[in-house]
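Open the structure in your viewer and keep the selection tool at hand. We go stop by stop.

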Amino acid sequence: MIYLKTDEEIELLRESSLLVSKTLAELAKIIKPGVTTAYLDKVAEEFIRDNGAIPACKGYEGYPASICASVNDQVVHGIPSEKAVLKEGDIISVDLCTLKNGFVGDSAYTFAVGEVSTEVKRLLETTKAALFLGIERAVEGNRIGDISHAVQTHCEAAGYGVVREMVGHGVGRSMHEAPEVPNYGRRGAGPLLRAGMTICIEPMINMGKRGLRFERDGWTTRTVDGKPSAHFEHAVAVRKGKADILSDFGIIEDVLNNQK
């Protein structure tokens, strides 16, 4: 069942989602060569709790950490570890959720660690652009397939693989609600978008083949060919005329731009 949110509920969702963005911005300050993903997890959990929220990922279906930290060919759901030390030229996708005032915020951002190759920069730029193309279609009267098709066609035109096994989703009082929001599909297909729907759009795009495989931990996924993967996610409220983005990359990018 798809739950439509009131304006008051959407504002609570916005508060949770903005806390996710602020947490990602805190991590942006410390992502550099030599840092472990376990340290990123520690900083994120402390910041979330200090701001009156709960890290919603921790304990979700047994997940052991507060963030998902996926490096290079890891697609999503990488478990933070003391052994995972960031190196110059890596990329790391950080995906996290906060629970505050009964609503879950959810967003993800892929960071460059130091200087990355031109090829990798292009992957990041294309994936982020695809997210915003999908968001443009998240308006009342369209269908989920309109979002999916926009993401897929942009990324495949650039020669990238669009992950099929992992998809976006509804968000609200639960981390994962109906409907699913795939990053591939046909225009005009899927559930009708109505004002008050709140969804997470999250392209997961591989530099090479679209396939992925699971590691033995049951969570971490990797590209089948070992090539890098990028992941960007926004929480969005469907409105008439124009989608309402509830999370905010600007908070993160202010930090990144100040480091240059």
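Start with strand 8 (198–201). Both of its faces are covered: Thr198 and Cys200 are buried on one side, Ile199 and Ile201 on the other. Buried means under 20% relative accessible area, exposed over 50% and partly exposed in between, with a 1.4 Å probe and protein chains only. Strands are DSSP E runs of at least two residues, helices are H or I runs of at least four, and both are numbered from the N terminus. In a regular strand, side chains alternate between the two faces of the sheet.

A word on the source: this is a predicted model, where local features need pLDDT of at least 70, side-chain atom pairs count only at pLDDT 80 or more, and totals for chains, interfaces and linings use all residues. Residues are numbered from 1 along each chain as its sequence is written, and side-chain values use heavy atoms, with hydrogens and water left out.

**Neighbours of strand 8**

Add strand 6 (residues 168–170), which pairs with strand 8 in the antiparallel sense over two bridges. Two strands pair if DSSP finds at least two bridges between them. Select His169; its bridge partner in strand 8 is Cys200. Now add strand 13 (residues 234–237), antiparallel to strand 8 and joined to it by four bridges. Here Thr198 has Ala237 as its bridge partner.

**Lys5**

Stay on Thr198 and pick up Lys5: their side chains make a polar contact at 2.9 Å. Such a contact is a pair of N or O atoms within 3.5 Å; within protein, one must be able to donate a hydrogen and the other to accept it, and residues adjacent in sequence count only if both atoms are side-chain atoms. A polar atom of the Lys5 side chain also lies 3.1 Å from the backbone oxygen of Tyr3. Lys5 sits in the segment before helix 1 (7–28). Is Lys5 buried or exposed? Lys5 counts as buried, because its relative accessibility is 10%. Beyond four places in sequence, Lys5 touches residues including Ile10, Leu13, Val171 and Glu177; contact means heavy atoms within 4.5 Å.

**Ala189**

Next, select Ala189, in the loop between strand 7 (177–181) and strand 8. Ala189 is buried at 18%. Outside its neighbours within four places, Ala189 contacts Arg143, Ile144 and Gly145.

**Backbone stops**

Go to Pro179 in strand 7. The peptide bond from Ala178 to Pro179 is cis. Then pick His77, a non-glycine with a positive phi of about 65°. End at Asn101, another residue other than glycine with positive phi, near 55°.
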